[in-house]
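Trainee: I should like to work through this structure in order, from its strands and sheets to its less usual backbone features. May we begin once the model is in view?

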Amino acid sequence: MTGEAKKPYVLRLYVSGMTSNSLRAIENVRKICSEFLAGRCHMEIIDIYQQPALAKERQIVAAPTLVKELPLPMRRFIGDMSQTERLLQGLDVNTK
Amino acid sequence: MARQKKNVSRIVEVLQKCLTGIKGLDEITGGGLPKGRPTLVCGGAGCGKTLLAMEFLVRGAIEHNEPGVYMSFEEKSEELTTNFASLGFDLNDLVDHKKLALDYVHIERGEIEETGVYNLDGLFIRLGYAIDTIGAKRVALDTIEMLFSGFSNEVILRAELKRLFSFLKEKGVTAIVTGEQGERTLTRFGLEEYVADCVIFLTHKVSEQIATRRLRIVKYRGSVHGTNEYPFLIDEQGFSVMPISSLGLDHSASNKRVSTGIPRLDTMMEGKGYFQGSSILVTGTSGCGKSSVAAHFVDAACRRGERCLYFAFEESRTQILRNMRSIGIDLEQWVKKGLLEFRNSRPTLCGLEMHLVSMHKAIELFNPAIIVIDPISNLVTSASENEVKSMLSRLIDFLKMKGITALCTDLTAANGSLERTEIGISSLMDTWLLLQAIEANGERNRGLYILKSRGMEHSNQIREFYLTGNGVQLRDVYVGLAGVLTGAARIAQVAREKAEKLARSQDLELKKLDIERKKAVIAAQIAALRTGLDAEKEDLDRAIARENLYQKVLDEETLAMAQTRRADDLVSKKKSVAKPGKRGGK
């Protein structure tokens, strides 16, 4: 599993303004990045209030939405990312 | 003062409406959907929700200059564009001109993992952005219930839906939200809870293999609206609802008359024919000339330059043209001049309501002065009596509103009574012509009479009529000693009477001659008698003359004798010769 562990992650987090939900989500994703994906996680935070056209383009319905662009397959997570177990499982992150 | 103020505020609060531009819907709703509020359109699959929503936007964009946002949860924008191109809506063009914004919201549950609390801000932002970009006044959300299949947290969803509707109101857009019909509720997920202002329900019912689309306004807060189920049609021109039962009986009645096209039939109706804008029913058994009577009417109208629409449910256009040519009516010339148009269809093609709707559309389009429905009874076969009556009353009301004269033919069974017709439609009709086959002496003849004709003095006689090369020819009422006679019996009776009359007149002639002769004889006799009398009189005169001569001679001789005898007394008595008779004696 060593090869997989080196896979780079590209995550995009779409939030709607600096609401408590957004802040919680950002914090939770950051934590995962630093704890489990240190050094190989590229994370981008997009405020769809600022870039509403992107919401349509990227098919964002709920907020916050986290999109795992890489590695494939692409996956979407919605919510404040507080259910860490579920998120990690979905992101296919090796916690060991 | 206080009361006045209250009144003013009440006027201000009157619900504003937004014209949909959809045929008929604005009439039923009394001016459109509630402006600035969401309207729920619900119904089963394939009942026309999407079309209604899209047409609302397209009409708004084109006719009312109100841009619209279409948010689709089911069909992709490209699919929508293709689908609506077949209805003549060029969505791409509208999008290019910023009159329309399409947004396809893709929700796939399998792709989404829920990891905590969320809201639907993404949707709100997209919608808000689209509305602001083109300055939309109208919004359609089709079908928002898809959200329920995409997200599992119903508590969040319901809260978000509530927020969505207030968001729409806040934006001041008139919105249509569609929803799938539920088993016991109007929508599967109870959207009606959130949309309290106006709910429209669409159905697509099939009865006896014939499908009919219907629309009903379940509720419309703060507004009067038609409550019935209205049939609607989806065709090349989109959506059309026919508000056909909302009409009252307040149409104006015309005093103008239109010729029936058969001069002697006009005569039976005060010499003027039907009333303009009235409805005429021509009933009869098969083959008794109903279509011919109709064709005459059409021909006469076209001759006056009026437009006619001919709904044929039995024969094709060419068949009618050919058949009418055989009785000397050339309808083709009017077709070529564009005065006459045929609409031929099989009654079983679609439901009664659909026929009604398509007839409405055709009438609206062609704007005729008269229409013919030939025959109305064929329509009836595909529906129950009640339906027929309701359909016809709506059709006739509509025609009367427009002042269109309608002639409907109706086929009755050869041995059936008129009762069916009477129950069904007669009360709706102003004039009822009955064509009857009179069977007697081994032949069938045609009789015509006016069973009723409202508002005019009409003949109560049964006329016999012939279908000739010059069309329908009415004959005089033939009332002989043996009653009304038709056909050969009539001819025979006429001949018989003619013979009798001839015999009688010959008799008279003879008598006349006899008298003449007698007169002559008498005259001759008189002449003969007169001749006899004249002869006698002549004899008498001659005798008198002779006598006088004789007397004279006698006197002279007596005198001579006396002179000879010298009888002086006699000479002196010469004067007494005047009385010779006394002496001579006879």
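Mentor: Two strands pair if DSSP finds at least two bridges between them, and helices (H or I, at least four residues) and strands (E, at least two) are DSSP runs numbered from the N terminus. The model is predicted, so local features need pLDDT of at least 70 and side-chain atom pairs count only at pLDDT 80 or more, while totals for chains, interfaces and linings use all residues. Residues are numbered from 1 along each chain as its sequence is written, and chains are lettered from A and ligands numbered from 1 in the order in which they are written.

Trainee: In what order do the elements of chain A run from the N terminus on?
Mentor: Chain A has 4 helices and 4 strands. From the N terminus on, the order of its elements is α-β-α-β-α-β-β-α.

Trainee: In what order do the 5 strands of the open sheet stand?
Mentor: The pairing in this open sheet is mixed. Its strands come from chains A and B, in the order β2(A)-β1(A)-β3(A)-β4(A)-β6(B).

Trainee: Which strands stand at the edges of the sheet?
Mentor: A strand at the edge has a single partner strand, so one side of it is left without a neighbour in the sheet. From one strand to the next, the twist averages 20°. The strands at the edges are β2 (41-47) of chain A and β6 (112-114) of chain B.

Trainee: What angle does the direction of helix α2 of chain A make with that of β1(A)?
Mentor: Helix α2 (residues 20-36) of chain A packs on the sheet, where it touches β1 (9-15), β2 and β3 (65-70) of chain A. Axes are lines fitted to C-alpha atoms, for helices over the stretch in contact, and angles run from 0 to 180 degrees between N-to-C directions. The angle between α2 and β1(A) is about 170°.

Trainee: Which residue of β6(B) stands opposite A:Ile78?
Mentor: Strand β4 (residues 75-78) of chain A and β6(B) run parallel and are joined by 3 bridges. In β6(B), A:Phe77 has B:Glu113 as its bridge partner. Opposite A:Ile78 stands B:Glu114.

Trainee: How many residues of chain A are in contact with chain B?
Mentor: Two residues are in contact if their C-beta atoms, placed from the backbone, lie within 7 Å. On the side of chain A that touches chain B, α3 (52-57), β4 and α4 (84-91) of chain A each supply at least two residues. The contacts involve 20 residues of chain B, and the number from chain A is 28.

Trainee: How many residues of strand β19 of chain B are buried?
Mentor: A residue is buried if 20 or more other C-beta atoms lie within 10 Å of its own, exposed if 12 or fewer, and partly exposed in between, with C-beta atoms placed from the backbone. B:Thr405, B:Leu407, B:Thr409 and B:Leu411 point one way from β19(B), whereas B:Ala406, B:Cys408 and B:Asp410 point the other way, and all are buried. Strand β19 (residues 405-411) of chain B is largely enclosed by the rest of the structure, because its buried residues number 7 of the 7.

Trainee: Which residue of β19(B) is the bridge partner of B:Thr283?
Mentor: Strand β15 (residues 279-284) of chain B runs parallel to β19(B), with 6 bridges between them. Strand β18 (residues 370-374) of chain B is also parallel to β19(B), through 4 bridges, and B:Ile371 stands opposite B:Ala406. The partner of B:Thr283 is B:Asp410.

Trainee: Which residue is joined to A:Leu72 by a cis peptide bond?
Mentor: Most residues other than glycine have a negative phi, and most peptide bonds are trans. Another cis peptide bond joins B:Asp142 and B:Thr143, with omega about -25°. In the bond at A:Leu72, omega is about 0°. The residue joined to A:Leu72, in the loop between β3 and β4 of chain A, is A:Pro73.

Trainee: Is A:Met81 buried or exposed?
Mentor: A:Met81 lies in the loop between β4 and α4 of chain A, and its phi is positive, about 60°, although it is not a glycine. Because A:Met81 has 26 C-beta neighbours inside 10 Å, it counts as buried.
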